[in-house]
Amino acid sequence: MRRELHFDAVVIGAGTAGLTAATRLAEGGARVCVVAKGVGSTHLAPGTIDVLGYAPERVEEPETALAQLIAARPDHPYALIGADAVAASLQWFSDRVQEGPQPGYRYLGGLDRNQLLPTAVGAVRPSALVPETMSEGEVRSGEPVCVVGTRVLRDFHAALCAANLDGAGIAARAADVEVEVERADANAVGLARRFDDAQWRAAFAATLAPMLRADERVGLPAVLGMRDPHGAWADLQRRLGRPVFEIPTLPPSVPGMRVFEVLRGALRRAGGRLVLGSEVIGAERAGGRVEAVRAHAAGHDVRYHARWVVLATGGFASGALELTSDWVARDTVLGLPVRGAPGPDEARFVGEYLAEQPIARAGVAVDGGLRAEGAENVLVAGAALPGAVPWHEGSGEGIALSSGYRAAQLVLQESGAEVLERPEADRRTQDAGLDAPRR
Amino acid sequence: VTLVTPIEELLRGSLDHCVKCTICETACPVSNVTPLFAGPKYTGPQAERYRVADEPSVETSVDYCSGCGICTQVCPQGVKIAEINAQARNKLKRQKGVPLRDRIITRPTWLGRAGTPAARIANWTIDKKPLRIVGEKVLKVHRDAPAPDFAGRRFSRWARKHQSPRTGRKIVYFHGCGTEYYEPYEGEKVVAILEHNGFEVTVPKQDCCGLPLQSSGLFDDARKVVLRLARKLAPHVRDDDTIIVGNATSCTLMLKREAREILNLEDDPDLKLVSERTYDICELLLELHDRGELKTDFKPVEDTIAYHAPCQQQGHSIGKPALELLALVPGLHVTEMNARCCGIAGTYGLKAEKYDIAMAVGADLFDQVRASGAATVACDSETCRWQIAKATERPAVHPIDLLYRAYGF
């Protein structure tokens, strides 16, 4: 035996970019396998799709700002992805959420106007597409906010959040609800599972209701249910008789985990394969192509042969890019060339920690079609792309989603006929809690 | 002063990659249902910094870790969380001593040899509540924990008499203790499927892989047991391409990886050879299919199946090959369960003090099985099947059972 598997496309990485690319490819008829070291960015990100929040002033209309950015910065990922694919990816994602495992859960918004939602520390976050369960947090609505925390969730400080909102001119105050958990503290996931329970919610609402003032809406940490967030949120609104909204928390991110479940389920329905806990350790190259990627599995390595590879491994934070001690930036997964790192004579860091660092725009070098330099069948998606500064631009999830979408679109365009000619993969396997397969 | 072994160094070295992202905590089936286990990040990369060789362990809740390994699978930074925690459990056992119960239930070979000749009496005993209550009081094995019936015959006896057609395409079958003493018919099905696909099946003399001992923290005994098995299997695969295939997915994972990584046996040449050559049965069949070499003369099987991929199966890092194989069978309607763990974790859920936790861990899966409306559960690991069958009152079979039916032997 040879421990060799063959696919039309292998996607490396199971964050938003990788899962989107893989699902879209599988939906297009390709035989796809996702190989990932572990779970990706979804569990850490707030679950909103921020397309463009700052350019550099706060963006009101992402569609307009996006067009300007694309015109001014041809090296930016959005210029390679194109505005059309960005818009199409948002629609695609919204559809997958609605078909997903959480009944009634949906995203609201689009490219016409950013929503301004409070963060866990009471700053304001411009997002294009947000879970409905967060949308009542829009700070421009003018209604006063009661930020409700609970002592056991130690990473969510309602008083800090409320004070900062209030300082920014958004009337807000904090309240604290005592909840019983078995241990001294609870994380967001533990609380979310409790909010799935109707009796627990009823008790929570009964405790909270008398603390609220007549005109207040209620902001809660984003823990309103894992399996049925829509049901939990709607139930709380009904019981409290007022708008309720979720505020993203520090990791673990419950809304982010919901996104993972949506995309994982969609991938499975489309017939794609997902291998977690398997680190890709190198590529086998022939000429200008990657013929196969090698990955660790228990006891042995596996060679995944693929006509196409989508590299969606993330940037420096995930370890996919690294800066060596002699200041060479490298792609640690496939060893592809990196672009955008400061040269030997250039400044490498600036003094202010949160300022745009010179290293920030480094990424795997690509051409206009997201193809990696020197590897014509490798497309790059997500934070591995060069040219963006996501935490400054408020663009991380938007780039991840739209570049994953675009990479799949490009592969399907190029090899569509071959891929689609094959008899449709068997899709009789259903996913627990999901509706019947789409086809 | 005890010197740190290379494997301990490797595991400990990995903890520096921990960025405290908490992804392991979101996935841990145990810490999400009980405060008795503080969670993989806390007992692993965090507490490990305070564990010093030859000094008492600073953290005792790691005894409640079931060793399912999910934390390591989901970690995006490559931290060997489950492996660090396994070492910590071993240290705790060395420090606090090993209960008699753990010395017995971790020895499937002893139990099997004792129970098989007296299967009727043994099975009668297993079913009797008063005797189980005594067992709980004396041995601390929970009265309601799933206990399979002894088959009363051993698979190896059948295998010795069975002559595989001499096709020259040799394969070694590692059947494990579950097949040997409890489900010999599963082994016969595996052999039939392999032979149908042109293999000449060899069944060497073999016994336990040592996983129950390892997961209960009895490392010295586990090393002896797994090396004894490796010595028996290795001579059969010294040529270039003969492989070993097993249907007990947690035991094949033990041979592939856990014995080497957790028991610090990386350097044993026999174990290394066995590890590299071992396949899970569904992994093998799907790979054959990917190469166009699997016979797919499947007849329709009209059945509704709830498929659960056990934690240890996921530890192979091969995806869920059973799902794709079952999709090849006409008529079969398969629903994939989306729950992490059935709770049993080998012997964890048998232990009186852990039984309730194991049932709480499995509750999500049991609910999904019931909600799926499936008549039959498919699952790759025997202890998980026994747990699921008992909790959901449905038959639970290995996926190869369904392939066997579809081949229509």
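## A walk from Ser14(B) to the largest cavity

Start by selecting Ser14(B): leaving out residues up to four places away in sequence, Ser14(B) touches Gly78(B), Val79(B), Lys80(B) and Ile84(B) (contact means heavy atoms within 4.5 Å). Bear in mind that this is a predicted model, where local features need pLDDT of at least 70 and side-chain atom pairs pLDDT 80 or more, while totals for chains, interfaces and linings use all residues. Residues are numbered from 1 along each chain as its sequence is written, chains are lettered from A in the order in which they are written, and side-chain values use heavy atoms, without hydrogens and water.

Now show helix H1 of chain B, residues 6-14, where Ser14(B) is found (helices, H or I, have at least four residues and strands, E, at least two, as DSSP runs numbered from the N terminus). Ser14(B) counts as buried because its relative accessibility is 7%, with buried meaning under 20% for a 1.4 Å probe and protein chains only. Next, pick the backbone nitrogen of Lys80(B), 3.0 Å from a polar atom of the Ser14(B) side chain.

On to the empty space: the largest cavity holds about 110 Å³ (a cavity is a set of points on a 1 Å grid over the protein atoms alone where a 1.4 Å probe fits but cannot get out, and lining residues have an atom within 4 Å of a point; the volume is the space filled by probe spheres set on the points). Select H17(B), which gives the most to this lining, with four residues. Then add strand S14 (300-311) of chain A, which, like H17 (281-290) of chain B, supplies at least two lining residues. Finish with Arg3(A), Arg273(A) and Pro321(B), which are among the residues lining the largest cavity.

Conventions: On a 1 Å grid over the protein atoms alone, a cavity is a set of points where a 1.4 Å probe fits but cannot get out, and a pocket is an open set with protein on both sides within 12 Å along at least five of seven lines; lining residues have an atom within 4 Å of a point. Buried means under 20% relative accessible area, exposed over 50%, partly exposed in between (1.4 Å probe, protein chains only). A polar contact is a pair of N or O atoms within 3.5 Å; within protein, one must be able to donate a hydrogen and the other to accept it, and residues adjacent in sequence count only if both atoms are side-chain atoms.
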